[in-house]
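Dear colleague,

I am handing over the structure we spoke about, and below it you will find an account of what came out of the analysis. Please read the two side by side.

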Amino acid sequence: MTARFVVEMERGGLLPLEQARDVRIVCLEGTLWLTEQDRPTDVVLEAGASHTVNANAGRTLVQAMSRARLAVEAVDARPELSFPPLRKAA
């Protein structure tokens, strides 16, 4: 069984992923922009496309370029992923 969760995002929304490794981002609807720390190129995903994150350390940012829905999936049995702490709204 694959570990998976689905996120819905409004246009301009950000999903920061810390130290993501062996996780796949699948664009289910809309358009997503991904950038991985220390990677020279960014990735744009349209509905149906996916990208596997293999960052050894650092942050991966996922931004919705339109209203979007995405899945974050484990590529193997030992994926790594964390989220930065949430800040309280002022």
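Of the contacts in the protein with a separation of 6 or more, 75% are made by residues 24 or more positions apart. Please keep in mind throughout that this is a predicted model. The secondary structure consists of nine strands and zero helices, so that the order of elements from the N terminus on reads β-β-β-β-β-β-β-β-β. Of the 90 residues in the protein, 34% are buried, and the accessible surface comes to about 5,900 Å², with 49% of that area belonging to carbon and sulfur atoms.

I then turned to the charged side chains. Side chains of opposite charge can pair when their charged atoms come close. Searching the whole structure yields seven salt bridges, and three of the pairs are described here in turn.

In one of them, arginine 67 pairs with glutamate 10, and the closest N and O atoms are 2.4 Å apart. This pair links distant parts of the chain, since arginine 67 sits in the loop between β7 (59-64) and β8 (68-74), while glutamate 10 sits in the loop between β1 (4-9) and β2 (14-21), 57 residues apart. Arginine 67 counts as exposed because its relative accessibility is 53%, and glutamate 10 is likewise exposed, with a relative accessible area of 52%; the cut-off that both values have to pass is 50%.

A salt bridge also joins the side chains of arginine 24 and glutamate 73, at 3.3 Å from N to O. Arginine 24 belongs to strand β3 (residues 23-29) and glutamate 73 to strand β8, so this pair ties together parts that lie 49 residues apart in sequence. Is each partner buried or exposed? Arginine 24 counts as partly exposed, at 26% relative accessibility, whereas glutamate 73 is buried, with a relative accessible area of 13%. These two residues do not stand alone, for Arg4, Arg24 and Glu73 are linked in a network of salt bridges.

Finally, glutamate 36 and arginine 39 meet through their side chains in a salt bridge of 3.9 Å, N to O, a value to be read against the 4 Å limit within which such a pair is counted. Here glutamate 36 counts as buried because its relative accessibility is 8%, while arginine 39 is partly exposed, with a relative accessible area of 43%.

With best regards

Methods:
Residues numbered from 1 in each chain as written. Predicted model: local features only at pLDDT ≥ 70, side-chain atom pairs only at ≥ 80, totals over all residues. Heavy atoms only, no water. Helix = DSSP H or I, 4+ residues; strand = E, 2+ residues; numbered from the N terminus. Buried < 20%, exposed > 50% of the residue type's maximum accessible area, 1.4 Å probe, protein only. Contact = heavy atoms within 4.5 Å. Areas by Shrake-Rupley, 256 points an atom, 1.4 Å probe, with all protein chains shown as cover.
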